[in-house]
Each structure stands twice: as C-alpha cells, then as structure tokens.
Protein chains: 2
Amino acid sequence: MAIEKLDTAIRREQIAEAALDLLGTRGIKELSMAGVGRQVGLVPAGIYRHFAGKDEVLDAVVELIGQRLAANVHLVREEAHDAIDRLHRVLVRHVRFIQENRAVPRIIFSDEMVSGNPKRKARVYQIIRGYLAQVSQIVREGQRSGAIRAELNPKVVSMALLGIVLPGAVLWNLSSGQFDVSDHAEQAWNLLRESISSDTKRNSP
Amino acid sequence: MAIEKLDTAIRREQIAEAALDLLGTRGIKELSMAGVGRQVGLVPAGIYRHFAGKDEVLDAVVELIGQRLAANVHLVREEAHDAIDRLHRVLVRHVRFIQENRAVPRIIFSDEMVSGNPKRKARVYQIIRGYLAQVSQIVREGQRSGAIRAELNPKVVSMALLGIVLPGAVLWNLSSGQFDVSDHAEQAWNLLRESISSDTKRNSP
DNA sequence: GCGTCATGTGAATCTAAAATCACATCGGAG
DNA sequence: CTCCGATGTGATTTTAGATTCACATGACGC
C-alpha cells in the first residue's frame with residue numbers, strides 16, 4: 001500500500017468534496033464513511049483523523065455548498081451590470097450548479113434537515129436566506145435603475161427566479177437526466193422576465 | 001393487551017397513512033417498522049402480515065400521495081370553471097397539501113428516488129407528470145377560452161404554478177414553520193397571473 | 001540521523017433496525 | 001359449539017455501518 005500522508009486541511013477538503021460527490025449518486029442514508037474513505041484513498045477509520053464523525057462531515061458538505069452558492073452570485077456581479085442580465089446569469093449558473101451538484105436539492109430536503117442536527121438545519125436556512133438576499137439585492141438595484149418594476153417585492157422575485165430551477169430539478173432527477181432543465185429554465189425565464197421588466201411589451205417570436 | 005384483529009385491506013391503508021404521517025416528522029431513514037407498527041397498534045412483526053417489507057410500505061405511501069394529488073385537481077375542476085380561477089385554486093390546494101403532508105417534497109427528493117427501487121422512482125415520475133398534465137390541460141382550456149395568452153407553453157405555465165410552492169416549502173421546512181408559505185404563494189401568484197392573463201393591464205393596489 | 005507527532009491501518013466492538021419463525025388467539029363458516 | 005385460516009406476538013437472527021482502539025509508518029524539526 002502506497003500510503004500517502006496529507007495534511008488535515010487538505011484531507012478535510014478532499015473528504016467534503018468526495019462526500020458531496022458521492023451524495024450526488026448515492027443518498028445521505030447510504031453515504032458511508034467507507035465510501036468516502038475509498039474515494040479519497042483512506043480506510044474508514046482514517047476519516048476519523050480529520051473529522052469527529054459523519055455528522056461533522058455533513059457539516060463540511062453544507063459549508064462547501066454555501067461557498068459555491070456565494071461564489072455564483074459574486075461572479076455574476078462581476079460579469080454583468082444590468083440587473084435583468086444579472087438575474088438571467090444567476091439562473092443559468094444556478095441550473096449548472098444544480099446539475100453539477102445533484103445532491104444539493106436532496107440535502108436541502110433531506111431527512112437530516114427534519115430530524116437531524118438542528119444546528120446544521122439552521123445553517124442551511126441561513127445559507128439559503130443569504131443567497132436569496134443577494135439575489136434580492138440585484139432586484140432592488142434593478143428597481144432603482146428603472147429596469148425592474150418598482151412595485152414588486154424583491155424577495156418574491158428572487159424566490160420566483162430560483163423557483164424556476166427547483167421543479168425542473170425534480171423532473172430531471174426523476175427522469176434520470178432525460179428532462180432538459182436548461183431548456184425549461186429558458187422558457188420560464190422568458191415568462192418571468194416579461195413580468196418583472198418595466199417595459200411592458202410582450203414578445204412572441 | 002387488547003388485541004384487535006382487522007382486515008388486511010384496512011390495515012394496509014392504516015399503515016400507509018401512518019407511514020406518510022411519520023415521514024412528516026421523521027425522515028425515510030428513520031422510518032422504522034417499529035414506529036409504523038406502534039402508530040397503528042401493531043408489533044413490528046405484525047406489519048409483515050400486510051406488507052412484504054419496508055419497500056412495499058413505501059410503495060403504498062407513494063400511491064397514497066398520487067391519489068391525493070389526483071383528487072386535488074379533480075375537486076378544483078368541480079369547484080370552478082374559469083381557467084385562471086382554477087389555477088389559483090390548484091395552487092391554494094397544493095399549498096395546503098404540502099403543509100399537511102410535509103413528507104411529500106422530501107420523498108420526491110429523497111435518497112430512495114436516487115438509489116432506491118427504480119420502479120418506485122418511475123412511478124413517482126409518472127404521478128408527477130400526470131399531475132402536471134392535468135394542470136396543463138386547465139391551461140390549454142384557458143387558452144382556448146381566451147383567458148390565457150395563447151402563445152405560452154402550457155407545460156411551462158403548469159410548472160411555474162407548482163414551482164411557486166416548492167421554494168416556499170424549502171423555507172417553510174428549514175424555518176420549522178416560521179415562513180408563511182400561503183402569503184408567499186399569493187404574492188407569487190399575482191405575479192404569475194398577470195404574466196399569463198390575456199388582458200395585459202398590470203394592477204398595483 | 002533520529003525522535004516524535006500527525007496520519008494511516010486492520011481488527012474488533014457496538015448498535016439499530018429489518019426480516020424471520022414458531023407459537024398464540026381471534027372470529028366467522030358450518 | 002368447534003374448527004380453521006387470518007391476524008397478532010415475542011424472541012431470535014442477520015446485516016450494515018459507525019465508531020473505537022492498539023499499533024504502524026511517514027514526514028518534519030533539529
């Protein structure tokens with residue numbers, strides 16, 4: 001056995017990513033220390049050198065998701081300046097994010113979020129609220145610039161935006177990838193864009 | 001012990017309902033035959049008189065959900081005849097349904113749907129598609145009657161409608177009931193209604 | 001070069017819950 | 001009333017996986 005010893009900081013990251021990865025195809029129930037260990041080249045017991053237990057591994061996964069979500073909005077802010085354009089980009093990135101991290105909706109709805117560690121549940125809530133707040137902020141800026149109808153509730157708009165993805169993710173999951181989320185997201189976005197834009201003309205190609 | 005013997009048809013229903021109920025507060029992983037048994041007044045082994053195993057119990061839960069969803073649309077069709085009104089009622093009923101059956105979104109996204117029994121997964125997909133098809137049908141009728149813009153894709157509209165609920169359900173779950181889903185659904189519905197209605201006037205109260 | 005501490009290992013322990021089985025009892029058919 | 005199949009029970013077996021522990025070994029400071 002070519003034993004390779006790595007620093008615990010590196011291992012923690014490897015393990016969190018491996019776990020998130022495995023959760024994409026397996027499911028929290030079946031996420032085993034053994035499986036995670038295999039993925040990073042460790043024996044089950046090896047994980048315990050870096051995490052106190054499965055619970056802590058899950059915490060790390062949640063943090064990883066939080067980081068990636070935050071990065072999404074941050075990148076979009078740099079890529080574009082028009083509010084409508086930004087919202088569209090958030091949507092596109094979010095779709096990609098969900099596709100690349102299939103586990104995310106499942107974790108959010110998971111058993112763990114009901115009966116598991118309440119601290120983790122609160123943390124997830126906090127992460128999502130933070131994400132929504134970021135999107136709401138974009139909406140608010142759009143309202144100030146006149147691109148978005150001022151009378152709308154930014155929170156409702158931001159939830160509607162992310163709400164486009166969730167039902168798509170359901171069908172995508174259940175159909176084992178058959179359902180075309182991107183396509184659906186584009187169509188739903190057209191509908192949403194019209195209804196939030198200040199100029200009221202409706203385009204039908 | 002006052003042993004009460006009941007017909008297997010009754011027991012199957014009791015058990016499915018008990019399981020769906022327990023899933024609301026526990027989580028699939030922790031749904032134990034023991035727990036279900038206790039709920040209906042049976043010892044763990046007793047369940048096996050009526051179901052081959054946990055897997056079959058879950059199948060029964062899925063069927064129960066399917067029945068209730070189908071009933072929703074059916075009732076709405078009787079209550080109202082205007083398409084917009086019908087859509088609104090579907091939404092309201094759906095919100096109530098999700099609140100009374102907290103387990104539903106979790107089951108749809110559950111581990112079981114990823115790695116579990118593929119037949120059950122297919123069945124859930126079928127149930128949801130059926131539900132969406134019913135809603136799409138209402139949309140199509142609204143388009144024929146002129147109440148809903150004809151150029152819209154009915155499927156997108158029906159997904160948007162149900163998509164209002166899902167993000168709300170996320171926050172509702174994570175906030176342990178703090179988040180007001182009904183209120184959010186109403187606001188989001190106002191936005192959606194405007195964007196699908198044929199008359200283009202926008203009301204801001 | 002060498003000591004020591006972090007990191008890694010394999011075996012063993014512990015636990016929860018599903019599933020099975022032999023036996024008990026209810027309730028309707030006759 | 002009495003028998004029999006359907007239903008219920010408690011004890012037991014099995015399994016999967018988390019966790020623990022005593023021991024091994026690599027890497028880094030000196």
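The paragraphs below go through a predicted model, taking the contact between its two protein chains before the surface around DNA strand C. Residues are numbered from 1 along each chain as its sequence is written, chains are lettered from A in the order in which they are written, and side-chain values use heavy atoms, with hydrogens and water left out. Local features need pLDDT of at least 70 and side-chain atom pairs count only at pLDDT 80 or more, whereas totals for chains, interfaces and linings use all residues.

Between the protein chains, 53 residues of chain A are in contact with 53 residues of chain B, where contact means heavy atoms within 4.5 Å. Together the two chains bury about 4700 Å², 67% of it on carbon and sulfur atoms; buried area is the accessible area (1.4 Å probe) that two parts lose on being put together, summed over both. The rule finds five salt bridges across this interface, each a side-chain nitrogen of Lys or Arg within 4 Å of a carboxyl oxygen of Asp or Glu. In one salt bridge, A:Arg149 meets B:Glu194 at 2.8 Å, N to O. Helix 9 of chain A gives the largest share of the side of chain A that touches chain B, 11 residues.

Turning to the DNA, 22 residues surround strand C, and A:Lys5, A:Arg11, A:Arg49, A:His50 and B:Lys5 come nearest, a residue being near if one of its heavy atoms lies within 4 Å. Of the strand C atoms within 4 Å of the protein, 50% belong to sugar or phosphate and the rest to bases. Backbone N or O atoms also lie by phosphate oxygens of this strand, at 3.0 Å for A:Thr8, 3.1 Å for B:Leu31 and 3.2 Å for B:Lys54.

How values were computed
A polar contact is a pair of N or O atoms within 3.5 Å; within protein, one must be able to donate a hydrogen and the other to accept it, and residues adjacent in sequence count only if both atoms are side-chain atoms. Helices (H or I, at least four residues) and strands (E, at least two) are DSSP runs, numbered from the N terminus.
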